[in-house]
Amino acid sequence: MSQQNSDPPPPDQGGFFSWRFEVHRSFDVMLLLGLAGCWTGCLARWHWFLALFDHFRLQGAVLSVFVLVLYVVRRRWWLVGAAVLTLAVNVWPLWQTNGVPVPGAAAGGQTGVKIISFNVLTENRRYADTLAWLKTADADVILLLEVSPDWEQALAPLRKSHPHGVTRPREDNFGIALFSRLPLAGCDVSSWVDDGMPTVSALVQAGEKRFRFIGVHPLPPMGRKAEKTIQAQMKSVADFVRQHPGEPCVVAGDFNATPWSAAVQTLRRECPLDFRTPKPAWRPTWQARSLFALPIDQALCTPPLFFASREIGPDLGSDHRAQALVLGWGAPD
């Protein structure tokens, strides 16, 4: 009778401590991929898809702080270094749009024109809530985007208090409407570039002062053609402002681009338009309570105008939040 082999079994390779090691390693990989996504945004000018990562700087900053604290505790110094560099990459664009001191504003520049810009969302049905909030906000000029025929009908009561303006409803999420209690001159809606979405432009008479108001709602940046259209539309606005140097101007709306994107930087670089407000321009207005919250509803103006305040409106059923602005006249820069 042969003797059987009685070698001891191999040690268990799948025990609790091994499992914990694998979980930690997977978690590290996930965090590193998140940091890498932040750096992908730096390649925005090379491809429209890479440019999408550039919009999430606020999320990148939060992630970088989390990784930094976690790996300081764990003493993983090379990951701490990666987190510090990534934090700097994300914070710099936020810092550039963090609000600026405005000459004349602190000295008591004249204020008083209230402006609201709001993408109501075509399929949103909270007509009564929106109308009630608009009446309570008591704005002088109201820009509304994604105005459908149903929205046009629901907003008809605004014409009693705001008799000036224009409405161009559409079914494709690019309807636009401007309501004003202040007199308007030369109010019209047109496309400023080929394949561009409607832009509303009007001269607003505020007492003895007058300023140009431009409302925009470009295409979402989904595809190379759409990205080029957004940049062309922003450049057309910059060209208009530059060609009318004696006319103070406000540009507001749903830009479908963050304040640090190439399209918005075109406005700041090629004409006097800027975020002339003490409040940060990076506060989210789209999907404001989600992980993907973005600040794509914006307002810029030229000297001597400034925004004495910029508040974000409540949840009214849209995927956007309104901007409530108070416009003022300060000292020339």
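Contact means heavy atoms within 4.5 Å of each other. Axes are lines fitted to C-alpha atoms, for helices over the stretch in contact, and angles run from 0 to 180 degrees between N-to-C directions. Helices (H or I, at least four residues) and strands (E, at least two) are DSSP runs, numbered from the N terminus.

This is a predicted model, where local features need pLDDT of at least 70, side-chain atom pairs count only at pLDDT 80 or more, and totals for chains, interfaces and linings use all residues. Residues are numbered from 1 along each chain as its sequence is written, and side-chain values use heavy atoms, with hydrogens and water left out.

**Exercise 1. Place helix α8 and its sheet.**

Task: Find which strands helix α8 lies across. Then give the strand order of the open sheet.

Solution:
- Step 1. Locate α8 at residues 224-243. The helix lies across β6 (198-206), β7 (209-216) and β8.
- Step 2. Read the angle. Helix α8 runs at about 170° to β7.
- Step 3. Order the strands. The open sheet has five, in the order β5-β6-β7-β8-β9, with mixed pairing. Two strands pair if DSSP finds at least two bridges between them.
- Step 4. Check the edges. β5 (184-191) and β9 (297-301) each have a single partner strand, so one side of each is left without a neighbour in the sheet.
- Step 5. Add the twist. Neighbouring strands of this sheet are turned by 15° against each other on average, direction ignored.
- Step 6. Look at one pair. Strand β8 (residues 249-254) and β9 run antiparallel, joined by five bridges. In β9, C301 stands opposite V250.

**Exercise 2. Describe strand β4.**

Task: How many of the residues of β4 are buried? Which strands does β4 pair with?

Solution:
- Step 1. Fix the term. Buried means under 20% relative accessible area, exposed over 50%, and partly exposed in between (1.4 Å probe, protein chains only).
- Step 2. Count. Five of the five residues of β4 are buried.
- Step 3. Sort the directions. I176, L178 and S180 point one way, while A177 and F179 point the other way. In a regular strand the side chains alternate between the two faces of the sheet.
- Step 4. Find the partners. Five bridges join β4 to β2, and the two run antiparallel. Strand β3 (residues 164-168) is also joined to β4 by five bridges and runs antiparallel to it.
- Step 5. Match residues. I176 is the bridge partner of L145. S180 stands opposite H164.

**Exercise 3. Compare two buried residues.**

Task: What do L158 and S148 touch?

Solution:
- Step 1. Start with L158. This residue lies in helix α7 (residues 158-161). L158 is buried, at a relative accessible area of 1%.
- Step 2. List its contacts. Not counting residues up to four places away in sequence, L158 touches L131, L134, I142 and F179.
- Step 3. Add a distance. K135 is 23 residues from L158 in sequence, and 8.1 Å away in space, C-alpha to C-alpha.
- Step 4. Turn to S148. Its place is in the loop between β2 and α6 (149-154). S148 counts as buried, at 3% relative accessibility.
- Step 5. List its contacts. Leaving aside neighbours within four places in sequence, S148 is in contact with T122, P169 and R170.

**Exercise 4. Trace the salt bridges.**

Task: How many salt bridges does the structure hold? Where do the partners D138 and R181 sit?

Solution:
- Step 1. Fix the term. A salt bridge is a side-chain nitrogen of Lys or Arg within 4 Å of a carboxyl oxygen of Asp or Glu.
- Step 2. Count. The structure holds 12.
- Step 3. Take one pair. D138 bridges to R181, with the closest N and O atoms 2.7 Å apart. D138 is in the loop between α5 (127-137) and β2 (141-145), and R181 is in the loop between β4 (176-180) and β5, 43 residues apart.
- Step 4. Check exposure. D138 is partly exposed at 36% relative accessibility. R181 is partly exposed at 29%.
- Step 5. Try a pair within a helix. R242 and D239 meet in a salt bridge (2.6 Å, N to O). They are three residues apart in helix α8, so about one helical turn separates them. R242 is partly exposed, at 40%, whereas D239 is buried, at 18%.
- Step 6. Find the network. Salt bridges that share partners join D138, D140 and R181 into one network.
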